[in-house]
Protein chains: 4
Amino acid sequence: MQMFKGIYAPIPTPFGANGEIYWSGLKRNISWWSKSPLAGLVVAGTNGEAALLDEDEKIRLFSYTREQLPAACKVVAGTGCESARATTRLNREAAKSGCDAVLVLNPSYYKGNLNDTALFNYYSHIAEASPLPVILYNMPRNTALNLSSTLVCRLAELPNIVGIKDSSGNIVQIEEIVKGTEQSFSVFAGSTSFLLPALLMGAVGGTLALANILPEQCVRIQTLFTAGQLDEAKELQLNLLEINSAVTSRWGVAGLKAAMDLIGLFGGNPRLPLQPLTEAEKEELKTILSKTVQ
Amino acid sequence: MQMFKGIYAPIPTPFGANGEIYWSGLKRNISWWSKSPLAGLVVAGTNGEAALLDEDEKIRLFSYTREQLPAACKVVAGTGCESARATTRLNREAAKSGCDAVLVLNPSYYKGNLNDTALFNYYSHIAEASPLPVILYNMPRNTALNLSSTLVCRLAELPNIVGIKDSSGNIVQIEEIVKGTEQSFSVFAGSTSFLLPALLMGAVGGTLALANILPEQCVRIQTLFTAGQLDEAKELQLNLLEINSAVTSRWGVAGLKAAMDLIGLFGGNPRLPLQPLTEAEKEELKTILSKTVQ
Amino acid sequence: MQMFKGIYAPIPTPFGANGEIYWSGLKRNISWWSKSPLAGLVVAGTNGEAALLDEDEKIRLFSYTREQLPAACKVVAGTGCESARATTRLNREAAKSGCDAVLVLNPSYYKGNLNDTALFNYYSHIAEASPLPVILYNMPRNTALNLSSTLVCRLAELPNIVGIKDSSGNIVQIEEIVKGTEQSFSVFAGSTSFLLPALLMGAVGGTLALANILPEQCVRIQTLFTAGQLDEAKELQLNLLEINSAVTSRWGVAGLKAAMDLIGLFGGNPRLPLQPLTEAEKEELKTILSKTVQ
Amino acid sequence: MQMFKGIYAPIPTPFGANGEIYWSGLKRNISWWSKSPLAGLVVAGTNGEAALLDEDEKIRLFSYTREQLPAACKVVAGTGCESARATTRLNREAAKSGCDAVLVLNPSYYKGNLNDTALFNYYSHIAEASPLPVILYNMPRNTALNLSSTLVCRLAELPNIVGIKDSSGNIVQIEEIVKGTEQSFSVFAGSTSFLLPALLMGAVGGTLALANILPEQCVRIQTLFTAGQLDEAKELQLNLLEINSAVTSRWGVAGLKAAMDLIGLFGGNPRLPLQPLTEAEKEELKTILSKTVQ
């Protein structure tokens, strides 16, 4: 019934020694993900270091990823910029590239003047001008601005807004969104750490950093939930807490990239101002990872 | 296996027109709750206006409630003060009154110096001196100080600390506590708004403002969950969101007391600085309540 | 023109080895302060561990301090509790003890329902019932609730509210209060770290933790300012930044007490949950102090 | 002794009806500012809607402003982006355009991983690669990330970092920076609301939204301060509080642009997601402005 559901990986953008996008590393990664049970990939999101990419880099990432990936696997383009004009430009490019939807992070720099009215006007404008369906993206840990459930429910009534990735971790907010929107509106958990409770309360999937390195396990949480095997689902989710924290709240993108290197994908270093993990941190990450997938 | 589980109501303290505790109103309320399926009552918690009660009033509330209530129904005494000495005094009085456990809110005024080490020392001291089992109480919306899952897991290893009421609403934190403690440690959801996801992830009950006015419905969420009727449990929980918000985050104790008046219990006015609801707010509350229990 | 001005020390409450108030230590301290140029003492404030004192202890502190101190030196009683009734009880006791004013910290536990209207009603009620002039006390670092300049300016119009101790450190807020109140309303800086800029913008004094150990230097900042010796005032204030931070934001009451021990006053240990400084911290404090007063 | 001092206006970027930069409006504005006593202009800062400008627009603004303005009046280019590579690109373009310095806002999106070490590494890298002197820019109200005084003092030791615009309004932090840096390091107040106290504590100027519309008054605060006329300086600053709040914290860039329209400059509308003032808000602004400049 929903246009989008299931588990997505918000993929990192690999950089070579020269600091430029390392396309053959990306190709290798995409090939691996394409054999996983993931429903799709998100390109140029938070884990893709969108904030550190130039506009033309994002555009090339959209088309390159779409080309490399089988059509059955969806590509969602991260397009949210601070200005409406830049966001709309990217939305159009994402459509040209054949992407399936756009994930639009809210602007946040002028937060003192971005009340619900301003944000409603912004997203209305964006949705109207977007050739692709729009998925809202709430990431208050980075933006320091939360999309309230009241706002999200109003936005969900607009024809071209089809879902939300909520990374707030606020389960009550997720419930309020589920309660206040049509069933066709797709609610995605923004982190594995609250995937299972979100599914229980009505989410239809997740967009999960951890799905980059452990796609089977992430998908298995949803499969177990759907099959009514709650105890197994719960046990699996609890087992993933520590590694999930390592590649999200604790070490962020740098941690995720280091973990990719550890499992044979191409991770590499993030761009400045992000810092790669120290050797000691990499050792600790290795220990956490080996405990998880033993 | 856990010493405490099920649904508890953190009862309001009724005041008469003279501002003093209105004992016969309390008696009436307790009589009603005693016929409900609640596992127990919490006295002198946040909803009991503990911060606005004198020490001797709290002591009388402990013994009065215990006397009025059948032994099968547990009484948990809210005893957390800013100082260790005041908290321990109340813990001893609660024991003398025959209460079953103490619920100990963390001190928070000197938050700049209350790091995990200081809080660990504090609770160790409290637990050692308490004749009754100690339940931790995390209420960051009021204290502006969160008890981290790391701290809680360390405290859970102390012999006399048997559980936590976590009102943070942070489901990931609840998962981390479940994951990092023995099964005998009781995790309680602190609000109906996240009761069901908390139960799914390992909580064994809830201490819920809403249970004061809708005890059957609150208990029914847990019953449905235990019976595996997830869809019904989810639907019920979503239906309770609005009334729960009205008597907690939105209008607080004053809202809860007004709702009690509406259903025939004795609610009355809160103490200053809390303000009773305006007539318009009472009308709105009435509408919300009638939609819920129709 | 203002009823209160100049530099006040918010004195710590000394405790003996048995954890009870150590009256002869307090006597010795008061004797020393009484020979300083301080305008007065504040009893049972944040540095007096008010939150950790029993009601009867506060009452005895009010009368004991008033008795020990020459009449020329004012005594301001810290009386703010969470409930209006407890605050008013203390206000009356402070009056009986011969104190000169009461310093009333705002309630903060039920912060979600303490909007400007509720706080205005609360303080109106308190002021009307208080036999002594009321000084507002804004301490958002501890209460997590700021008294807005709009609220303060409205409260300043009430006949019995004569000033504010603002510990927010928000210099713009202090300007707005100065701008929006009569000149007879006394604005006090709540910390030495912003005493000089506050004086420049219209404050008439300070209530300063540092004044407990360095009263001459604190008073000298105001004297230099009044004499127009701004460069010297500025240099002195900058020199006091590090020691001030040590006995306030960094180590709090425990740091202040340790510093008192170092200069020959009776400091001793704070009450639980506050922790005394470690030996290493005391050594560091000693170094900071010796750099300051060389 | 400092390379930069005095009052700067962080100029808005005017947009025409088609949403593009309205160059002739900008020309008119610059001509007006060039006749004022301002020390210089800041281009593409927060008030210039930098976050809503494309890279090539910023570059054209740098050169256009530099060309239009007499050489005696400095031009500081706002260049801070989230990525080091984009910031360095702009720094080089600013140098080519003949600008005098760059104002570098810290990255903030990945705030969870931007501790002092990461920020030190970032700014070291930026400073080394910048052909122009670097001025730090701390704007925590927008970035939700504060540059600590400890970090700023360490950065001030790098040869190419010559000052800071601190918009935090934290006067203690400004004191700590003054205390911990050489006198050649220029500290600028980031808002008129704390200009005078900042000057008293060692700041050498201000970069002030209000200076766009009231340059004489802003400069006069500093002139009065330097001349030792503190009472007049204080009175002037207090009189500017309300209009300053209107064009900064209250209505932001939209308020500033509306005020420019009111005094005969070209203000116009901000870009989406910013919203122009409503007619009622414009009326209120008009009243505030007329009270200020009567």
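How much area do chain A and chain D bury between them? Keep that question in mind while you load the structure, which is a predicted model, and begin the tour with a single chain before turning to the pairs.

**Stop 1: chain A alone**

Select chain A, hide the others, and colour by secondary structure, where you should be able to trace 12 helices and 8 strands. The C-alpha atoms of chain A fill a box of roughly 50 × 45 × 40 Å along the principal axes. A compact globule of 294 residues would have a radius of gyration near 19 Å, and the value for chain A is 18 Å, which agrees with that expectation. If you then colour by accessibility, 64% of the 294 residues of chain A count as buried. Among contacts in chain A between residues at least 6 apart in sequence, 71% join residues at least 24 apart, a point to recall when you follow the chain from one element to another.

**Stop 2: chain A against chain D**

Now show chain D beside chain A, and the opening question can be answered: the two chains bury about 3,200 Å² between them, with 55% of this on carbon and sulfur atoms. On the chain A side, select A:Arg85, A:Tyr109 and A:Tyr110, which together supply 24% of the area that chain A buries against chain D, more than any other three residues. Widening the selection to everything in contact brings in 42 residues from chain A and 42 residues from chain D.

Next, display the side chains and look for charged pairs, of which the count between chain A and chain D is 8 salt bridges. One place to zoom in is the pair A:Arg89 and D:Asp54, whose side chains meet in a salt bridge with an N to O distance of 2.9 Å. Polar contacts across this interface join 22 residue pairs, both residues being at pLDDT 80 or more.

Which elements of chain A give two or more residues to the side that touches chain D? Select α3 (84-96), α4 (116-129), α5 (140-143) and α11 (252-262) of chain A, for these are the elements concerned. The largest share, 4 residues, comes from α4(A). Coloured by residue class, the side of chain A that touches chain D shows 19 nonpolar, 12 polar and 11 charged residues.

**Stop 3: chain B against chain C**

Move on to chain B and chain C, where the contact takes 42 residues from chain B and 42 residues from chain C. The area buried between chain B and chain C is about 3,200 Å², and carbon and sulfur atoms give 55% of it. Select B:Arg85, B:Tyr109 and B:Tyr110 here, since no other three residues supply more than their 24% of the area that chain B buries against chain C.

There are 8 salt bridges across the interface of chain B and chain C, and a useful one to centre on is that between B:Glu20 and C:Arg85, in which the closest N and O atoms are 3.1 Å apart.

Before leaving the pairs, show all chains together and check two combinations that make no contact. Chain A and chain C are not joined by any contact, and their closest C-alpha atoms lie 17 Å apart. Chain B and chain D likewise do not touch, their nearest C-alpha atoms being 17 Å apart.

**Stop 4: inside chain D**

Finally, isolate chain D and select helix α7 (residues 171-180), in which 7 of the 10 residues are buried, so that the helix is largely enclosed by the rest of the structure. The buried residues of α7(D) include D:Ile171, D:Ile174, D:Ile177 and D:Val178, together with D:Gln173 and D:Glu175. At the N-terminal end of α7(D), D:Asn170 acts as a cap, with a side-chain oxygen 3.1 Å from the backbone nitrogen of D:Val172.

From there, go to the loop between β7 (186-189) and α8 (195-200) of chain D and select D:Ser191. Is D:Ser191 buried or exposed? Its relative accessibility is 11%, and because the cut-off for buried is under 20%, D:Ser191 counts as buried. Beyond its neighbours within four places in sequence, D:Ser191 is in contact with D:Thr207, D:Leu208 and D:Asn244. With D:Asn244, the side chain of D:Ser191 also makes a polar contact of 3.1 Å.

Terms used:
Residues are numbered from 1 along each chain as its sequence is written. Chains are lettered from A and ligands numbered from 1 in the order in which they are written. This is a predicted model: local features need pLDDT of at least 70, side-chain atom pairs count only at pLDDT 80 or more; totals for chains, interfaces and linings use all residues. Side-chain values use heavy atoms; hydrogens and water are left out. Contact means heavy atoms within 4.5 Å. Buried area is the accessible area (1.4 Å probe) that two parts lose on being put together, summed over both. A salt bridge is a side-chain nitrogen of Lys or Arg within 4 Å of a carboxyl oxygen of Asp or Glu. The radius of gyration is taken over C-alpha atoms; the globule rule is 2.2 Å times the number of residues to the power 0.38. Buried means under 20% relative accessible area, exposed over 50%, partly exposed in between (1.4 Å probe, protein chains only). A polar contact is a pair of N or O atoms within 3.5 Å; within protein, one must be able to donate a hydrogen and the other to accept it, and residues adjacent in sequence count only if both atoms are side-chain atoms. Ala, Val, Leu, Ile, Met, Phe, Trp, Tyr, Cys and Pro count as nonpolar, Asp, Glu, Lys and Arg as charged, and the others, Gly among them, as polar.
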